[in-house]
Amino acid sequence: MTGAAVLGGLGSALPSRLVTNEELSESLDTSDAWIRSRTGIRQRYWVRGESTGDLAVTAGRHALKSAGVDAVDLVVLATTTPDHPCPATAPEVAARLDLGPVAAYDIAAVCSGFVYGLASAAAHIEAGLVDSALVIGAETYSTILDPQDRTTSVIFGDGAGAVVLRAGEAGQCGALLGFDLGSDGSRRDLIVVPGGGSRARTAPVDAPPAGRYFTMQGKPVFRHAVERMAQSARNVLARAGWTPGSVDSFVGHQANVRILHAVCDQLDLDRDRAVTDLDRVGNTSAASIPLALSRAAGEGRLAAGDRVLLAAFGGGLTWGSTALVWPDIPAL
Ligand code: ACO
């Protein structure tokens, strides 16, 4: 038995194609002013031929380098946009990173996937099943967006972020101080890709591709996101023995700056404690929290010793939170 899973490395990857609000306004009935004021997003990156696995490999390589290791015992990849419905993408990512015959699997918890992945890998480490893990959140939502749907196309971006976890002690910087995870499958209709699964397996080749596109009911999702992230954050803060006021940085799922501010208000936390990355990358689903961590650490916004709170919310519905004292690691 070990004490805790400790954050030991951090990496990220973005595709090369920058898509501005102005570019989207050329093909959709929208505007830079609407997108910025309603979401806080000013640009995002979309893949041009790259896959989720490609981004995951790059982010994973950076995280391994940041941790100063070239081997781990486990790879967990959180994604809603795997390279194929079958098999999982994680084994191929592990192979491409030359990690040998390690355990590797995908986690599908939509935008909460990275926090679910952290919890899963931390549980393996705390149970003594493995000594180290690479946890990756990687997405290519641009491949499942309806290009005619202005309510979703302007919001989502592609990218990947990754961390290395290793066995350590609960008292050390970087130790994950517990988790709060939850779901409400009765509201699965709010965020759904209707086709491609066992309920609507394969569309006829001449059928319109509507069922394969991502759909979201923005307004109720907004309300659930605020309530669930705030409650989940409260639960994990209680577990860590922290007051909301003692949190230095709140790294919430990067869906909408208004959601991040509303969660801060509910927690009685100054809004400037919220780390914001969605202005640069949009909503990158399972990649959003590790991408925000990478940017904040790279810019010196996260300093060693800071109290950091993570909270995620996504389709399912799913949500999850964790907390840690920030370690002294480079973000690559
Ligand atoms: N450009 C211009 N107008 C638009 C656009 C657009 N891109 N999108 C919608 N509108 C219009 C609507 O048609 C509507 O017009 P109407 O009043 O004439 O009917 C008006 O703007 C207001 O639309 P709302 O949907 O009420 O806009 P809202 O302020 O709620 O913002 C948004 C929409 C950004 C989607 C918001 O609801 C939101 O952020 N929801 C939460 C998303 C989220 O948290 N996702 C996380 C999980 S995602 C996952 O798990 C994968």
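## Charges, overall build and one covered helix

In this predicted model, the mean positions of the chain's 28 positive and 35 negative charges lie 5 Å apart. Here Lys and Arg count as positive and Asp and Glu as negative, while His and the chain ends are not counted. Each charge is placed at NZ of Lys, CZ of Arg, CG of Asp or CD of Glu.

Residues are numbered from 1 along each chain as its sequence is written. Because the model is predicted, local features need pLDDT of at least 70 and side-chain atom pairs count only at pLDDT 80 or more, while totals for chains, interfaces and linings use all residues; side-chain values use heavy atoms, leaving out hydrogens and water.

Now for the whole chain. It holds 10 helices and 13 strands, which are DSSP runs (helices: H or I, at least four residues; strands: E, at least two), numbered from the N terminus. Buried residues (under 20% relative accessible area; exposed is over 50%, partly exposed in between; 1.4 Å probe, protein chains only) make up 54% of the 332 residues. The C-alpha trace spans about 55 × 45 × 35 Å along its principal axes.

Let's zoom in on helix α10, residues 288–298: 10 of its 11 residues are buried. Here are some of the elements that help cover those buried residues:

| Element | Residues |
|---|---|
| β1 | 4–13 |
| α5 | 113–126 |
| β7 | 158–168 |
| β12 | 307–314 |

After α10 comes glycine 300, with a positive phi near 80°.

Arginine 96 sits in helix α4, residues 90–96. Is arginine 96 partly exposed or buried? At 35% relative accessibility, it counts as partly exposed.

Methods:
Contact = heavy atoms within 4.5 Å.
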